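Colleague: I would like to learn how to read strands, helices and a ligand site in a model. Could you take me through one, feature by feature?

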Amino acid sequence: MVATVERAALGAARCGRRVAPATRHSAFYGNLRPQLYRLIESETVDPVRNPYAPGAGQRPPELAGRDRELKQFEIVLERVARGRPERSMIITGLRGVGKTVLLNSFRSMAIQRLWGTGKIEARPDQSIRRPIASALHMAVRELAPRHRAPDRIEGFLGVLKAFAQAGPEEDAKGRARVHRWQPGIDVPAARGRADSGDLEIDLTELLSDAASVATDVGVGIALFVDEMQDIPADDVSALCAACHELSQSGGPLIVVGAGLPHLPAVLSASKSYSERLFRYARIDRLDRESADVALLAPAEREEVTFTPEALDALYSAADGYPYFVQAYAKVVWDVAPDSPITVDDIKVAAPEAESELAVGFFGSRYERATPAERDYMRAMAALGDDPVPTSAVADELGRKPSSLSPARDGLIKKGLIYSAERGLVAFTVPHFGRFLRAQPV
Ligand SMILES: Nc1ncnc2c1ncn2[C@@H]1O[C@H](COP(=O)(O)OP(=O)(O)OP(=O)(O)O)[C@@H](O)[C@H]1O
Ligand SMILES: [Mg+2]
């Protein structure tokens with residue numbers, strides 16, 4: 001132990017740092033250090049304190065480069081709260097750019113303002129009726145303790161229960177639902193409101209009742225919908241219609257969505273007025289400055305830093321994509337013996353980071369495709385990284401375009417490719433073409 005502490009002091013002295021005074025935490029880590037030191041031969045860049053977080057929807061240690069979107073949402077919340085006409089927000093972007101994380105940050109902002117909030121993750125072939133009911137249930141439960149008239153809440157819950165139970169007893173594929181939904185609502189279902197079975201009518205009535213409960217409490221309700229492009233077509237149309245109705249009445253309820261880059265096209269195919277209903281914010285790779293902030297801010301909180309050359313190398317490896325930034329940084333931190341982290345550490349870490357990405361980020365998605373879909377994607381990859389015409393993919397495969405429709409539609413449904421413009425397809429996953437080109441045929 002003494003030797004370990006001495007080595008820590010030595011390491012810290014080498015990079016000009018103080019040794020922090022002992023705390024309960026440092027004592028805990030201190031106990032782990034002898035084992036860890038043997039494994040990684042380092043303790044100044046301590047793996048236990050590795051701050052980076054590659055994962056789906058995983059909150060990053062520093063939400064970099066999204067100030068504009070956060071500010072915009074702040075304005076949306078403020079305007080809705082004041083009863084001003086306001087379009088809601090839809091975030092779009094490729095896989096791993098941070099849509100879910102941003103949606104969760106928006107939700108935290110609404111919660112801080114004491115709004116009621118709920119969230120759903122849309123799934124292909126699943127009606128939104130019951131997920132929306134659960135999310136609204138949660139939102140109103142947050143408001144209930146502040147409401148002065150319990151019977152208003154009970155009245156709403158009765159409507160909510162009726163809404164949830166008014167759906168078809170079959171799912172979108174015609175399979176019978178085995179279980180009736182148990183909403184955990186103690187009040188009897190109301191009759192004659194939000195229970196017609198027509199989702200557009202029912203949703204319009206339900207959202208307007210929810211907005212009126214929020215008005216009583218002097219706040220709003222925000223419903224967050226992740227993977228919004230997966231909502232079945234009829235349900236998207238019902239949701240847009242209900243939001244449209246609500247925007248005309250000025251009720252303080254907003255639906256905030258996130259999805260792949262073709263989401264605006266999905267919405268406008270369903271209702272032509274959707275462009276006026278939502279403000280679209282496309283989020284993308286982080287610029288150099290933001291990517292550096294994403295790396296440096298969490299490291300510096302742990303008294304670790306990077307050399308400028310290491311930052312250059314990391315930017316060129318991760319290309320500014322937030323998931324890649326986290327994935328590379330996580331491995332680099334674990335292999336780095338000392339602070340500052342250098343370009344040599346990046347060189348050592350890169351193969352491991354790349355193989356983790358190949359398995360976890362790219363491989364897991366590739367596995368979901370059928371053999372015909374894989375051929376389709378390989379042909380796309382052979383044509384380059386920009387959106388490609390479907391006719392060119394057909395030429396590449398020596399097939400008729402119409403014979404490839406099932407593969408293309410299957411890939412769109414699985415969220416692996418998207419078509420933002422008629423006749424063009426592109427990968428939803430950044431660097432996917434590069435990954436496929438590197439695979440043996
Ligand atoms: N602004 C940011 N700064 C730093 N890291 C970020 C940022 N946004 C997201 N990340 C990180 O990127 C990763 C992916 O984020 P997230 O899951 O939100 O992406 P997504 O766009 O929802 O992806 P998908 O389309 O696959 O659902 C997470 O590990 C997260 O911590
Ligand atoms: Mg997501």
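**Reading the features in turn**

Modeller: Valine 388 stands opposite valine 425 in β8. Keep in mind throughout that this is a predicted model.

Colleague: How many bridges join β6 to strand β8, and do the two run parallel or antiparallel?

Modeller: β6 and β8 (residues 424-427) run antiparallel and are joined by two bridges. On the other pairing, β7 with β8, there are two bridges, also in the antiparallel sense. There, isoleucine 417 has phenylalanine 427 of β8 as its bridge partner.

Colleague: In what order do the three strands lie in this open sheet?

Modeller: The order is β6-β8-β7, with antiparallel pairing. β6 (388-389) and β7 (417-418) are the edge strands, each paired on one side only. The hairpin of β7 and β8 has five residues between its strands, and glycine 423 in that hairpin takes a positive phi near 85°.

Colleague: What should I know about side chains when I look at a sheet?

Modeller: In a regular strand, side chains alternate between the two faces of the sheet. Now take the sheet of five strands, which is open, has parallel pairing and follows the order β2-β3-β4-β1-β5. Its edge strands are β2 (116-121) and β5 (278-282), each of which pairs on one side only. From one strand to the next, the twist averages 15°.

Colleague: Over how many bridges do β2 and strand β3 pair?

Modeller: Six, in the parallel sense, with β3 covering residues 221-226. Within that strand, aspartate 226 is the bridge partner of glutamate 121. A helix also packs on this sheet: α4 touches β1 (88-92), β2, β3 and β4 (253-259), and its direction makes about 170° with that of β3.

Colleague: How is a pair of packed helices described?

Modeller: Two numbers are used, the angle between the axes and the distance between them. For α15 (residues 371-382) and α17 (residues 405-413), the axes come within 9 Å and cross at roughly 90°. The two helices are therefore roughly perpendicular to each other.

Colleague: Which residues make the contact?

Modeller: α15 contributes Ala372, Glu373, Tyr376 and Met377, and α17 contributes Ala407, Arg408, Gly410 and Leu411. Sorted by class, the contact has five nonpolar, one polar and two charged residues.

Colleague: Turning to the ligand, which residues come nearest to ligand 1?

Modeller: Out of 24 residues around ligand 1, the nearest are Pro60, Gly98, Thr100, Val101 and Pro322. Two elements, α4 (99-112) and α13 (322-335), each give two or more residues to this shell. The largest share, four residues, comes from α13. The α4 named here is the helix that packs on the parallel sheet.

Colleague: How do the residues of the shell divide by class?

Modeller: There are 12 nonpolar, nine polar and three charged residues in the shell around ligand 1.

Colleague: Why does ligand 1 count as lying between two domains?

Modeller: Look at which domains supply the shell. Domain 2 (67-282) and domain 3 (286-367) both give residues to it, so ligand 1 lies between them.

Conventions:
Residues numbered from 1 in each chain as written. Chains lettered and ligands numbered in written order. Predicted model: local features only at pLDDT ≥ 70, side-chain atom pairs only at ≥ 80, totals over all residues. Axes fitted to C-alpha atoms, helices over the stretch in contact; angles between N-to-C directions. Parallel < 35°, antiparallel > 145°, perpendicular 65-115°, else oblique. Contact = placed C-beta atoms within 7 Å. Nonpolar A, V, L, I, M, F, W, Y, C, P; charged D, E, K, R; others polar. Near = placed C-beta within 6 Å. Domains from an automatic or database assignment. Pairing = 2+ DSSP bridges.
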